Amino acid sequence: MRRLMLLGGLLAVGSLSVAAAQQPAAPAGPRVIDILKLKDNLYVLTSSTPGNPATFSGGNVAVFITASGVTLVDDKLAGWGQAVLDKVKSVTNKPITRIINTHTHGDHTGNNNFFGSDTEIIAQANTKTNMAKMDVFKGAGAQYLPTKTYTDKLTIGSGKDRIDLYYFGAGHTSGDAFVVFPALRVLHTGDMFAWKDGPLCDRNNGGSCVSFPQTLSKVIANIKDVDTVIPGHSPMQTPKDVAEYQRFTADLLAHARAALKAGQSVDDATASFKVDKYSGYKNERVKGSIQAVFDELKK
């Protein structure tokens, strides 16, 4: 399997103030990724610890071991490809043959190039369009764009190796994939459920905090028979947590709508939005979410 590292350049990744902010590749030195076993053939390379360069690796990566090889769901920040590969090798000697990108951001697509142009890369059609705008996927980097896309649903494989990919509308971006492993009753949400806090809606890449709750409602209505949820950037969750997050985002949207109609500022709306009734929730990203709703509704 051919591996090519793109040297230099900047990588687009999500942030609070700029949804596709530019960040450099990870610094040299030991890179630490923890691995969590969910099933005999499914592992998670867990998310990074902000502020710690040794673990700031990107989002949760699913490692699905099939009869013909390994499928990764996302592949972390640039510079972490070897660390990802080493962890995969610690649980299987099968090659990585497929990558599913849940969306465009660099903390989920940063090592497409590392795993080579002979690796199948799959994403929702809008995500491929968004990725094509990123500097790392221009010119020679275009060979690491998704080689297969889908619009609403795509099924890969069969039996215990089956993977179902869904798209339900705008939210975090305009192309967020929901990845289901039916035989294992596991769902990977990408950053449509990244954390228990306000959602990040990347309007530059078609995201919508106005559509977010409705999109999650479609997930809940259409994806059944799941026990475990792999979120974008936090510990493992359950379908009940997804349902609660949908209610949270709906409450946040309703609050922001009412605040805007009443002539309140984003700061005032943020101060009056309480997360107390949602156990374990934070309000570190609520202001950004409310700002995104204001901006979208004013447009």
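What follows is a walk through the sheets, the core and one of the helices of this structure. The model is a predicted one, so it's worth keeping that in mind throughout.

There are two open sheets to look at, starting with the one made of 7 strands. Its strands come in the order E3-E4-E5-E6-E7-E8-E9, and the pairing is mixed. At the edges sit strand E3 (35–39) and strand E9 (148–150), each with a pairing partner on one side only. Going from one strand to the next, the twist averages 20°. At the E9 end, strand E8 (residues 120–124) and E9 pair in the parallel sense, with 3 bridges between them. Here Ala123 stands opposite Thr149 of E9. This sheet also has a helix for company: helix H1 (residues 81–89) lies across E3, strand E4 (42–45), strand E5 (61–65), strand E6 (70–73) and strand E7 (96–100). Relative to E6, H1 runs at about 135°.

The other open sheet has 5 strands, ordered E10-E11-E12-E13-E14, again with mixed pairing. Strand E10 (153–156) and strand E14 (228–231) are its edges, and each of them pairs on one side only. Ignoring direction, neighbouring strands in this sheet are turned by 20° against each other on average.

Strand E12 is a good place to zoom in. On one side, strand E11 (residues 163–166) runs antiparallel to E12 and is joined to it by 3 bridges, with Leu165 standing opposite Val179. E12 is also joined by 3 bridges to strand E13 (residues 186–190), again antiparallel, and in this pair Phe181 stands opposite Val186. E12 and E13 form a hairpin with 4 residues between the strands, where Arg185 takes a positive phi near 60°. As for the side chains, a general pattern helps: in a regular strand they alternate between the two faces of the sheet. In E12, Phe178 and Val180 point one way while Val179 and Phe181 point the other, and all of them are buried.

Phe178 turns up again in the largest nonpolar core, which has 37 residues. Along with Ile223, Tyr245, Phe248 and Ile290, Phe178 is listed among the residues with the most contacts inside this core. Strand E12 (178–181), helix H4 (212–222), helix H5 (239–261), helix H6 (266–272) and helix H7 (286–298) each put in at least two residues. The top contributor is H5, which gives 7 residues.

Helix H7 has 13 residues and spans 18 Å from its first C-alpha to its last, close to the 18 Å expected at 1.5 Å a residue. Its buried residues are Val286, Ser289, Ile290, Ala292, Val293 and Phe294, and these pack against H5 and H6. Ile290 gives a closer view of that packing. Setting aside neighbours within four places in sequence, Ile290 is in contact with Leu252, His255, Ala256, Val266, Ala269 and Thr270.

Not every residue of H7 is tucked away, though. Asp295, also found in this helix, counts as partly exposed because its relative accessible area is 32%, which falls between the 20% limit for buried and the 50% limit for exposed. The side chain of Asp295 makes a polar contact with the side chain of Gln291, at 2.9 Å. Asp295 and Arg203 are 92 residues apart along the chain, yet their C-alpha atoms are separated by 9.4 Å.

Notes
Residues are numbered from 1 along each chain as its sequence is written. This is a predicted model: local features need pLDDT of at least 70, side-chain atom pairs count only at pLDDT 80 or more; totals for chains, interfaces and linings use all residues. Side-chain values use heavy atoms; hydrogens and water are left out. A nonpolar core is a set of buried Ala, Val, Leu, Ile, Met, Phe, Trp, Tyr and Cys residues joined through side-chain atoms within 4.5 Å. Buried means under 20% relative accessible area, exposed over 50%, partly exposed in between (1.4 Å probe, protein chains only). Contact means heavy atoms within 4.5 Å. Two strands pair if DSSP finds at least two bridges between them. Axes are lines fitted to C-alpha atoms, for helices over the stretch in contact, and angles run from 0 to 180 degrees between N-to-C directions. A polar contact is a pair of N or O atoms within 3.5 Å; within protein, one must be able to donate a hydrogen and the other to accept it, and residues adjacent in sequence count only if both atoms are side-chain atoms. The expected span of a helix is 1.5 Å times one less than its number of residues.
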